[in-house]
Amino acid sequence: MAEQIYFEDVAEGDEIPALEKEPSTQQLVQWAAGSGDFYQIHYDTAFAQNTGLDGIIVHGALKHAWLGELLHRFASPGGRVRRVACSYRGMDVPAQTYRLRGTVTKKSAAERTVELSIWGENESGQKTTPGTGVVELPSRA
């Protein structure tokens with residue numbers, strides 16, 4: 001388990017610990033089953049190519065979930081995620097490292113909340129899934 005980060009220990013501009021994922025085609029099929037998103041561009045290479053893609057792509061909602069995991073890992077075990085939002089600005093493919101990152105943009109002492117700029121990026125460093133998040137952190141006091 002990660003060591004708790006406290007509200008007092010965080011400053012605007014701080015980077016939070018990154019999270020890396022290695023999406024596999026098996027994981028995409030499992031996500032399709034769990035989410036009900038069976039659009040073939042996520043698991044059928046020939047279908048994806050017939051739509052003009054180079055191959056299958058990672059579900060946007062899966063990338064959104066990973067951003068939530070990034071925030072959860074940052075705030076846990078004593079904090080909580082209040083909000084996760086993102087947009088899909090690029091396509092990501094399985095068998096490539098997908099990195100999730102974030103920086104602190106604002107703190108609110110009244111509620112011990114931390115606002116963050118978060119994103120997922122491909123191996124080239126292109127931000128394909130930019131977003132925002134809010135976490136509540138415990139106080140040392």
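V114 touches F7, V10, V104, K106, K107, G133, V134, V135 and L137, leaving aside residues up to four places away in sequence; contact here means heavy atoms within 4.5 Å. This is a predicted model, in which local features need pLDDT of at least 70, side-chain atom pairs count only at pLDDT 80 or more, and totals for chains, interfaces and linings use all residues. Residues are numbered from 1 along each chain as its sequence is written, and side-chain values use heavy atoms, with hydrogens and water left out.

V114 also belongs to the largest nonpolar core, which has 26 residues. Such a core is a set of buried Ala, Val, Leu, Ile, Met, Phe, Trp, Tyr and Cys residues joined through side-chain atoms within 4.5 Å, where buried means under 20% relative accessible area with a 1.4 Å probe, protein chains only. L70, F74, L100, V114, L116, V135 and L137 touch the most other members. Two or more residues each come from α3, β3 (98-108) and β4, and α3 gives the largest share, seven residues. Helices (H or I, at least four residues) and strands (E, at least two) are DSSP runs, numbered from the N terminus.

Now meet N122, in the loop between β4 (113-121) and β5 (127-136). N122 is buried, with a relative accessible area of 11%. N122 touches D92, T97 and T128, again not counting residues up to four places away in sequence. The side chain of N122 also reaches two backbone nitrogens, as shown here.

| Side chain | Partner atom | Distance |
|---|---|---|
| N122 | S124 backbone nitrogen | 2.9 Å |
| N122 | Q126 backbone nitrogen | 3.0 Å |

Note on methods:
Buried means under 20% relative accessible area, exposed over 50%, partly exposed in between (1.4 Å probe, protein chains only). A polar contact is a pair of N or O atoms within 3.5 Å; within protein, one must be able to donate a hydrogen and the other to accept it, and residues adjacent in sequence count only if both atoms are side-chain atoms.
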